[in-house]
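Hello,

Here is the structure I promised to pass on to you. Please open it alongside this email, and I will go through what turned up.

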Amino acid sequence: MPRFAANLSMMFTEVPFLDRFDAAAQAGFTAVEFLFPYEHPAEAVGERLKRNGLTQALFNMPPGDWNAGEKGFAALPSRFSDLKASLETALPYAKATGVKRLHLMAGIANRSERAAIEAFYKSVAWAAEFFAPHGIDVVIEPINARNVPGYFLNDFGFARDLIQELRLPNLKLQFDIYHCQIIHGDVTMRLREMMPIIGHIQIASIPSRNEPDGEELNYPFLFDELDRLGYAGFVGCEYNPRGKTTDGLAWFKPYAGVKP
């Protein structure tokens with residue numbers, strides 16, 4: 001049975017960020033993820049996790065100036081020093097939360113430019129090697145051009161090839177089913193093909209990015225497929241609730257309380 005992690009950047013936004021840990025636990029989640037914790041002290045985030053008996057499934061390394069449109073800088077040749085600094089910023093939060101996987105964002109760059117490709121390879125390898133001694137996986141995630149126009153990593157095949165070429169044991173694929181369906185379709189076959197390199201999965205309905213309870217994909221089938229494939233990782237609920245978060249959790253009730 002899949003182990004679901006509430007995404008606290010998108011769910012339970014009816015309350016302040018640190019209170020969302022309590023809300024997620026009360027709703028039956030045993031794990032959480034979020035985009036960025038850096039506006040709060042690492043110790044405060046860790047305390048909320050511990051208080052609620054929650055597992056931290058994932059969060060992102062610093063992306064640069066998010067409000068100005070930056071979406072990471074791993075593929076930006078001129079920002080390698082910022083990339084290295086971002087790893088140092090993320091590390092105390094990783095230690096405080098006990099997280100075992102971090103998402104490295106590629107940034108806005110042209111994948112047809114050799115310099116961007118070389119920068120991305122260099123950054124990914126550097127990040128994976130930096131976190132390896134800490135027992136942390138680095139995950140990379142293809143993101144569709146509709147949500148993030150110009151995002152460098154917008155192809156699952158490119159991500160697969162990079163991971164297989166670098167052969168770093170702690171480098172994995174973040175397989176967001178929502179993004180995969182929009183970019184490529186054929187989600188089930190891609191899950192079957194890429195399962196050996198998948199380190200994290202995320203879900204949302206398509207095309208609305210709401211609760212995974214309808215629209216294009218049959219999520220109960222996909223959840224069963226993850227069991228058939230032996231997936232033992234987390235499934236992050238990275239969706240925008242249609243209304244109050246708890247009002248849209250009927251889909252989750254059969255899975256509530258599943259322990260990591």
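Below are some notes on a helix, the nonpolar core and two individual residues. Please keep in mind that this is a predicted model.

Let me start with helix 2, which covers residues 42–52. Which of its residues are buried? They are Ala42, Val45, Gly46, Arg48 and Leu49. Looking down the helix axis, these buried residues fit within an arc of 160°, so they line one face of helix 2. As a reminder, an α-helix has 3.6 residues a turn, so residues three or four places apart point the same way. The buried residues of helix 2 pack against helix 1 (19–26), strand 2 (31–33), strand 3 (55–60) and helix 3 (80–97). On the face turned away from the buried side you will find Glu43 and Lys50, both exposed. After helix 2 comes glycine 53, with a positive phi near 65°.

Next, the core. The largest nonpolar core has 88 residues, and the members that touch the most others are Phe4, Phe21, Phe29, Phe120, Phe131, Phe175 and Ile177. Helix 4 (residues 114–131) contributes the most to this core, with nine residues. If you would like to look at one of those well-connected members, try phenylalanine 4. Beyond its neighbours within four places in sequence, phenylalanine 4 has contacts that include Phe29, Ala31, Ile203, Trp251 and Tyr255.

Serine 123 also sits in helix 4. Its relative accessible area is 2%, so serine 123 counts as buried. Setting aside neighbours within four places in sequence, serine 123 is in contact with Ala74, Phe80, Leu83 and Leu104. For a sense of distance, the C-alpha atoms of serine 123 and alanine 232 are 27 Å apart, with their positions 109 residues apart along the chain.

Finally, have a look at aspartate 176, in strand 6 (residues 171–176). Aspartate 176 is buried but has no salt bridge. How far away is the nearest side chain of opposite charge? That side chain belongs to arginine 209 and is 4.2 Å away; a salt bridge would need a side-chain nitrogen within 4 Å of a carboxyl oxygen, which is why this pair does not count. A polar atom of the aspartate 176 side chain does lie 2.9 Å from the backbone nitrogen of tyrosine 178. Not counting residues up to four places away in sequence, aspartate 176 touches Glu141, Phe156, Gln202, Arg209 and Glu238.

Happy browsing, and best wishes!

Notes:
Residues numbered from 1 in each chain as written. Predicted model: local features only at pLDDT ≥ 70, side-chain atom pairs only at ≥ 80, totals over all residues. Heavy atoms only, no water. Helix = DSSP H or I, 4+ residues; strand = E, 2+ residues; numbered from the N terminus. Buried < 20%, exposed > 50% of the residue type's maximum accessible area, 1.4 Å probe, protein only. Lys, Arg positive; Asp, Glu negative; His and termini not counted. Polar contact = N/O pair within 3.5 Å; in protein donor to acceptor, adjacent residues only side chain to side chain. Contact = heavy atoms within 4.5 Å. Core = buried A, V, L, I, M, F, W, Y, C linked by side-chain atoms within 4.5 Å. Arc of directions from axis to C-beta.
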